[in-house]
Amino acid sequence: MNYIEVFEAGQRKARLSPASDPGLECWPDMEMNGPSVLEITLPLDNEKWQYFTSECRIYAAGREYILLKPDNIELSRDGKKLIGKVTAHESWLLLNKEFPGTDSNGISNDPHNSTPHWGTVQILSGGTPFAGCTAGSAESALRYVMQGSTWTVGTVDVTGTHDLETEKKNRLQNVWEIQKKWGGIVVFDSIQKTVSLRSEDTWKPGYNQQSDRCNFQVRYRKNLIGLKVTESADIVTRLYPFGYDDLNIASVNGGKLYVENLTYTQNIYADVYVNTTIYDPAELKSAAEKQLSKVCKPRRHFQTGKSNGRKLQAGVVDLRTLPGYEHEEFALYQMADLIDEGLGVQDTCRIIRHKWNLFQPWNCELEMGDPLDKVEAKIALSATFTSNVQTPSGVTTLSLDGLVNSNRNPVYSQGVSCIDAEGTLDAWQEGRCDNVDEDDPLTVNLYVPPETVRIHKALLRFRLLEFRAYEKGAKSSGGIVTSSEDGGGVATTTSDEHVDYGTISPLFGTKTYYGDTGNGGDPSHDHDMTHSHDMPVHYHNIEIPEHSHQINIPPHTHELVFGIYKSTKPTSVTIKINGIDRTSQLGGPFHADQTGLDILQFLTIGIWNSVEIWSDRLGRIDATAFLEVKRSVSPPPAE
């Protein structure tokens, strides 16, 4: 494409090219897992300049660009010439204007949290996977995050099982969080509106596995003008990984605390890998092995260019416009052979940055090989400087989750320092985990030193867990029932009817013969003896005198039954900072885990700040507070 098109509200407003617009220049600049920008310069007297507005769309190099970002338009004078410069960004940047979920709720695949608060993203490996996806996969997380957007998910072939939990982060931030956890290369297609996450290990466009060669070659005396090689020889062959709460991998690694990679050298160079966001030993081992595969051999970064004493200028000639070289296609992400016999370079590596003149494509710059970890490199330099400064206990608290740093012990309270002319930029975190109820909160105490110039960042994270105890009960082998002392009383019997006991039978029979009396008479006679008794209604009062029963229970013990007892989780969580309830200002009360509550405005410099996390019922809370502050080199003078 040898032109640029500018659209607004779906209608084309202008088409620009060097033939019709003298002085026009256009430079696309794309970086793997980084920004994608388009720089355009144009004389201000060109009538087409008016169409570069905040909501226009610019189409160039097969991509769509926007201007919705600060400092995108720059005006300058060069003598009598008035020049306008536009820095447009690829339109996937608009994903930072969208949030996952609905206008009132976030997203969660936890069956117990079907209506999360707005801004919450909770995609758990133990939850319900996205339709057609594997639980805990990057594709499941990415499809949940992109649901409801005009963008769709393309190809996802990275592996691994992780949770994604964020708070008040836009779609684009969540995409980068997924890339950070699962790894891989984020590939945006701003024309088709798709986002993919490709595996660095298996996705190698331009590489022929059978011939072990690439379709494109960068070679001195062919198309290479200048080359700068940066090599890191800091090799690690044995890595001790630690996760959350000092988690290790011994249980899934044959009892060993470390992993090894001796593919480059048989020498043992040990170091520590800390990632406190990992809770599972198998996941921790996998992450450590992936990290070790990158640092077990020297890393090389190649930047093509010709030095003019200040910077590298265009260093690769694009020969595709010449006969016989049409097949040498190359682009960002593609694999290429890089050869410079004079520098001893013969590598197959990935193009990780591509900048070129849109109208003169042979004029271009490439970066290849292992990406330079720009931010991490600065921290590594600081770690080298401060690693000799240890606390009295001999422990250097230098840590950055997911990075490898030397001379560091894994501890729960971790930090790192960077030094400049203004002072030190210190970062650390404090954590605590304990049971809570409606009367007993979890308290995290944060000290902000008096020499603090300003607080850069203060984030609170907590997880809501089940109440936990370590005894399930006490054994018992019977007992004695004890009656209590009682006063006396009167027990009364009653009757409300006549009782007839019947007729008594004759006592002597009916014809009793006693023999001759001597008087010649006959003494034989009968006696009728029938009679009855009537029982009238009556009562009996029985008096029970006051008394008590005393039962002796001999001294005895009960054996404890050990085990882990679990109960309810915290609910309606509230937060007090320095005694003041800040729940509503932070978006609470909370019923789910939180990963990034901004508490900066509530902290006071020069004191111990108390952060209390309350629950309305029995449960357990695991909380961590992260601080990043700028401190002056020397304490402020006393007043």
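Here is a short conversation about some residues and ring pairs in this predicted model.

Student: Why is threonine 452 called buried?

Tutor: Its relative accessible area is 8%, and buried means under 20%, so threonine 452 counts as buried. You will find threonine 452 in strand β33 (residues 452–465).

Student: What makes the link between the side chain of threonine 452 and the backbone oxygen of proline 449 a polar contact?

Tutor: The side chain reaches that oxygen at 2.7 Å, and the cut-off for a polar contact is within 3.5 Å.

Student: How do you know that tryptophan 92 and phenylalanine 188 are stacked?

Tutor: The structure holds 14 aromatic pairs. In the pair of tryptophan 92 and phenylalanine 188, the planes are 10 degrees apart, with 4.4 Å centre to centre. Planes under 30 degrees apart count as stacked, so this pair is stacked. The two residues are 96 apart in the chain, and the pair links distant parts of it.

Student: Why is the pair of phenylalanine 462 and phenylalanine 590 called edge-to-face?

Tutor: Their planes stand at 70 degrees, with ring centres 5.8 Å apart. An angle over 60 counts as edge-to-face, so the name fits. Phenylalanine 462 lies in strand β33 and phenylalanine 590 in a loop, so the pair ties together parts 128 residues apart in sequence.

Student: What makes arginine 15 a charge over the ring of tyrosine 3?

Tutor: Arginine 15 lies over the face of tyrosine 3, at 4.1 Å from the ring centre, and the distance cut-off is within 6 Å.

Key. Residues are numbered from 1 along each chain as its sequence is written. This is a predicted model: local features need pLDDT of at least 70, side-chain atom pairs count only at pLDDT 80 or more; totals for chains, interfaces and linings use all residues. Side-chain values use heavy atoms; hydrogens and water are left out. Helices (H or I, at least four residues) and strands (E, at least two) are DSSP runs, numbered from the N terminus. Buried means under 20% relative accessible area, exposed over 50%, partly exposed in between (1.4 Å probe, protein chains only). A polar contact is a pair of N or O atoms within 3.5 Å; within protein, one must be able to donate a hydrogen and the other to accept it, and residues adjacent in sequence count only if both atoms are side-chain atoms. Rings of Phe, Tyr and Trp (its six-membered ring) pair if their centres lie within 6.5 Å; planes under 30 degrees apart count as stacked, over 60 as edge-to-face and the rest as tilted. A charge sits over a ring if NZ of Lys or CZ of Arg is within 6 Å of the ring centre and within 35 degrees of the ring normal.
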